[in-house]
Structure formats: structure tokens, C-alpha cells
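Let's take a walk through this protein together. Have the sequence and the 3D view at hand, and we'll go from one part to the next.

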Amino acid sequence: MKFFGYFRSSSAYRCRIAFNIKGIEPEESFVHLRKGEQRSPEYLRRNPLGLVPTLELDRRTLAQSLAIVEWLEEMFPEPPLLPRNPLDRAYVRALSLTVACEIHPLQNLRVLDHLKTEFGQDQEGLNAWCQKWIRTGLEAYEGMLAQSGLAGAFSFGDEATLADICLIPQVFSAQRFKVDISDLEAIQKIAANAERHPAFSAAHPAKQPDAE
Ligand SMILES: N[C@@H](CCC(=O)N[C@@H](CS)C(=O)NCC(=O)O)C(=O)O
């Protein structure tokens, strides 16, 4: 099993947390996004999306972090990343997709590059764009936690789930783009608990071999 990622990629960060929780150590290969290695013909043959992560298996290749994490969950069910009850599973997926579909794509490198080159935005403009969408999405996530009343130490109960695997890398990006989320108390509490969780802390971008 070979995993292609980049230290600062939040989608790769999600998979690293999941690998750590499951106790699996794939061989790693690093794709330097700032140097554009994700668009090299060699990488595009692996992953036509031109995005990380990619998981290469014996005869097959998987793209999309949530598909990779759900495949891991099915292959290695313990410890579980999704609750047992179908409604709870759907809820945890809804939290996860709030990050993965509503927030993350808007702050992706290629989107920011496009805003810069085609729409004349400078770094200040890009930061304002990211701040707007990260804040909007995380406020909604906080609202969903309050509405359900199901959070504990983590987003659903006291054990980390797929939702936290998506949330924590997004909180890291919020810090990177200087988004003030200090008032989002439930998220702050979960982030503090994740910092003390070995699977989350070992997956942190600063601890990766390709970190700069
Ligand atoms: N939905 C995809 C998103 C993948 C993605 O956007 N990856 C980013 C890094 S977090 C990337 O490779 N960006 C390169 C670029 O924008 O050129 C997933 O969850 O895997």
C-alpha cells in the first residue's frame, strides 16, 4: 500500500489520522503541491484529478480522501470510525461532508491560484476569501453540534470519528489563514482533545517527513 500526500494537504492529513487510528503504516510518497508535481504526467496517470491524496494498492488506485478512509474502515473495522446506528452514521457523514464539500474545495490551492491569476486577487484578497468560507462553514459545523446535542469529547460522543478526521485538518487550515474561531466553543474543545490524541498529533503537518 503506497500513499501519496503532501504535509500541508488537509485531505492527506485526514487519511494520515485514519491510518494512525487503524494502526496501519503505508509506504509514503510526497507530491510537492507548491512545485506543481500533482500536475506532472506521471502523477496524473495515477490520479487524473491532479490532487492528493492517492492510495495505490496492488492492482488498483484510489482517489478522494473520504473514499480512502471509508475503504480503510471496511477493511479494518476496529477501532470504528463510524457509529453502528444508521442514523448516527448518516449524521457523522453529514458533519464530515460539511467540511469536505462545503468548506475545503473553496480554499484549495488551484482555486486560490485561479482567483489570483484570472481575477487579480492579491494575498489579502485570498485570505479574505478563505476567511469568509472557512468561518461560514465552521460556524455551521458548530451549529450542527449544538442542534444534535451529541458531541462529547469529540464531534459524536467521546471517541474520534470520521467527522473529527475531517474537522481537525480544517481547524489547522483555519489557523493557517488566520480565521478567528475562538468563539466556536465545541470545536475548540474537540481540537484540544485531538491535540492530546496520539493518532491526531502524529498526523500533524509539522511532523511529516516532507514538512518545510
Ligand atoms: N475531495 C478531494 C480533495 C483533494 C484536494 O483538493 N487535495 C488538495 C490538497 S488538500 C490538492 O491536491 N490540491 C492541489 C491543487 O489544488 O493543485 C479529497 O478529499 O481527496
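Before we start, one working term: a residue is called buried if 20 or more other C-beta atoms lie within 10 Å of its own, exposed if 12 or fewer, and partly exposed in between. Keep in mind as well that what you see is a predicted model.

With that term in hand, go to helix 6, residues 123–148. Which residues of helix 6 are buried? They are C130, I134, G137, L138, Y141 and L145. Look at how those numbers step along the helix, and a bit of general helix geometry helps. An α-helix has 3.6 residues a turn, so residues three or four places apart point the same way. And what do the buried residues of helix 6 pack against? Their partners are helix 4 (86–103), helix 7 (162–176) and helix 8 (185–195).

You can also check helix 6 with a ruler. It has 26 residues, and at 1.5 Å a residue these should span 38 Å; the C-alpha atoms at its ends are 37 Å apart, so the two figures agree. Just past the end of helix 6 sits G149, whose phi is positive, at about 65°.

Now zoom out to the whole chain. The protein chain holds nine helices and four strands. If you follow the sequence from start to end, the pattern reads β-α-β-α-β-β-α-α-α-α-α-α-α. The C-alpha trace spans about 45 × 45 × 30 Å along its principal axes. How does the radius of gyration fit in? A compact globule of 212 residues would have one near 17 Å, and this protein chain has 17 Å, so the two agree. Of those 212 residues, 37% count as buried. Contacts also reach a good way along the sequence: taking those between residues at least 6 apart, 69% join residues at least 24 apart.

The chain is split into two parts, domain 1 (2–79) and domain 2 (86–201). Their C-alpha centres lie 20 Å apart. Where they meet, domain 1 puts in 10 residues and domain 2 puts in 15. On the domain 1 side, the elements that give two or more residues are helix 1 and helix 3. Helix 1 supplies the largest share of that side, seven residues. Sorted by class, the domain 1 side has seven nonpolar, two polar and one charged residues.

There is a ligand to find, too. Around the ligand you'll count 15 residues, and S9, L51, S65, L109 and R110 come nearest. Three elements give two or more residues to this shell: helix 1 (10–22), helix 3 (65–75) and helix 5 (109–119). Both domains take part, as the shell draws at least three residues from each of domain 1 and domain 2. By class, the shell has seven nonpolar, seven polar and one charged residues.

Next come some details of the backbone. Where are the cis peptide bonds? One joins V52 and P53, with omega at about 10°, and P53 lies in the loop between helix 2 (41–46) and strand 3. Another joins E78 and P79, with omega at about -15°; look for P79 in the loop between helix 3 and helix 4.

Two residues that are not glycines have a positive phi. Q64 has a phi of about 75° and is found in the loop between strand 4 and helix 3. Q64 is partly exposed, because 18 other C-beta atoms lie within 10 Å. K178 has a phi of about 55° and lies in the loop between helix 7 and helix 8. With 10 other C-beta atoms within 10 Å, K178 is exposed.

For a last stop, try L57, in the loop between strand 3 (54–56) and strand 4 (61–63). Is L57 buried or exposed? There are 11 C-beta neighbours inside 10 Å, so L57 counts as exposed. Leaving aside neighbours within four places in sequence, L57 is in contact with M1 and L62. L57 and A18 are 39 residues apart in sequence, and 16 Å separate their C-alpha atoms in space.

Terms used
Residues are numbered from 1 along each chain as its sequence is written. This is a predicted model: local features need pLDDT of at least 70, side-chain atom pairs count only at pLDDT 80 or more; totals for chains, interfaces and linings use all residues. A residue is near a molecule or strand if its C-beta atom, placed from the backbone, lies within 6 Å of it. Ala, Val, Leu, Ile, Met, Phe, Trp, Tyr, Cys and Pro count as nonpolar, Asp, Glu, Lys and Arg as charged, and the others, Gly among them, as polar. Domain bounds come from an automatic or database domain assignment. The expected span of a helix is 1.5 Å times one less than its number of residues. Two residues are in contact if their C-beta atoms, placed from the backbone, lie within 7 Å. The radius of gyration is taken over C-alpha atoms; the globule rule is 2.2 Å times the number of residues to the power 0.38.
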